[in-house]
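Ready to find your way around a new structure? Take a look at it below, then work through the exercises one by one.

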Amino acid sequence: MNKRCAYCGGPLGLISHRKRRLRFCRLSHKKAWEKREEELWQLKKQQFFDYLARGSPAR
Ligand SMILES: [Zn+2]
């Protein structure tokens, strides 16, 4: 059982904030994690569209 914060890796206190299967020691870490995930997702999407743009020759 993983009882550590998914963001900072610190031990969880009595109160933990959950997101799916992840736990966070404080709400700000949950928010920060969500923000990071969203940025990663945006980056992936951007890379995907760049790939599509390059992959299809303009005719
Ligand atoms: Zn934390």
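Two residues are in contact if their C-beta atoms, placed from the backbone, lie within 7 Å. This is a predicted model, where local features need pLDDT of at least 70, side-chain atom pairs count only at pLDDT 80 or more, and totals for chains, interfaces and linings use all residues. Residues are numbered from 1 along each chain as its sequence is written.

**Exercise 1. Find the contacts of G10 and say where G10 sits.**

Step one: skip the neighbours within four places in sequence; G10 is then in contact with R4, C5 and C25. Step two: place G10 on the chain, in the segment before β1. Helices (H or I, at least four residues) and strands (E, at least two) are DSSP runs, numbered from the N terminus. Step three: check the distance to C25, which is 15 residues along the chain from G10, with 7.2 Å between the C-alpha atoms. Step four: ask whether G10 is buried or exposed. A residue is buried if 20 or more other C-beta atoms lie within 10 Å of its own, exposed if 12 or fewer, and partly exposed in between, with C-beta atoms placed from the backbone. G10 has 12 C-beta neighbours inside 10 Å, so G10 counts as exposed.

**Exercise 2. Now look from the other side, at C25.**

Step one: locate C25 in the loop between β2 and α1. Step two: count its C-beta neighbours inside 10 Å; there are 20, so C25 counts as buried. Step three: list what C25 touches once residues up to four places away in sequence are left out, namely C5, C8, G10, L12, G13 and S16. Step four: try I15, ten residues from C25 along the chain, and you get 7.2 Å between the C-alpha atoms.

**Exercise 3. Work out the overall layout.**

Step one: count the elements, and you find one helix and two strands. Step two: read along the sequence to get the pattern β-β-α. Step three: see how much is buried, which is 8% of the 59 residues. Step four: take the contacts between residues at least 6 apart in sequence; 11% of them join residues at least 24 apart.

**Exercise 4. Describe helix α1 and the residue K30.**

Step one: α1 has 29 residues and spans 41 Å from its first C-alpha to its last, close to the expected 42 Å. That expected span is 1.5 Å times one less than the number of residues. Step two: how many of the 29 residues of α1 are buried? The number is one, so α1 lies largely in the open. Step three: go to K30, which lies in α1. K30 has 20 other C-beta atoms within 10 Å and is therefore buried. Step four: beyond four places in sequence, K30 is in contact with H17, K19 and F24. K30 and H17 are 13 residues apart in sequence, and their C-alpha atoms are 7.0 Å apart in space.

**Exercise 5. Which residue has a positive phi although it is not a glycine?**

Step one: recall that most residues other than glycine have a negative phi. Step two: spot R20, with a positive phi of about 50 degrees. Step three: place R20 in the loop between β1 and β2 (22–24). Step four: count 6 other C-beta atoms within 10 Å, so R20 is exposed.

**Exercise 6. How sure is the predictor?**

Step one: know the scale, since pLDDT is the predictor's confidence in each residue, from 0 to 100. Step two: take the mean pLDDT of the protein, 90, with 90% of its residues at 70 or more. Step three: compare elements; confidence is lowest in strand β1 (residues 17–19), at a mean of 88, and highest in helix α1 (residues 27–55), at 95.
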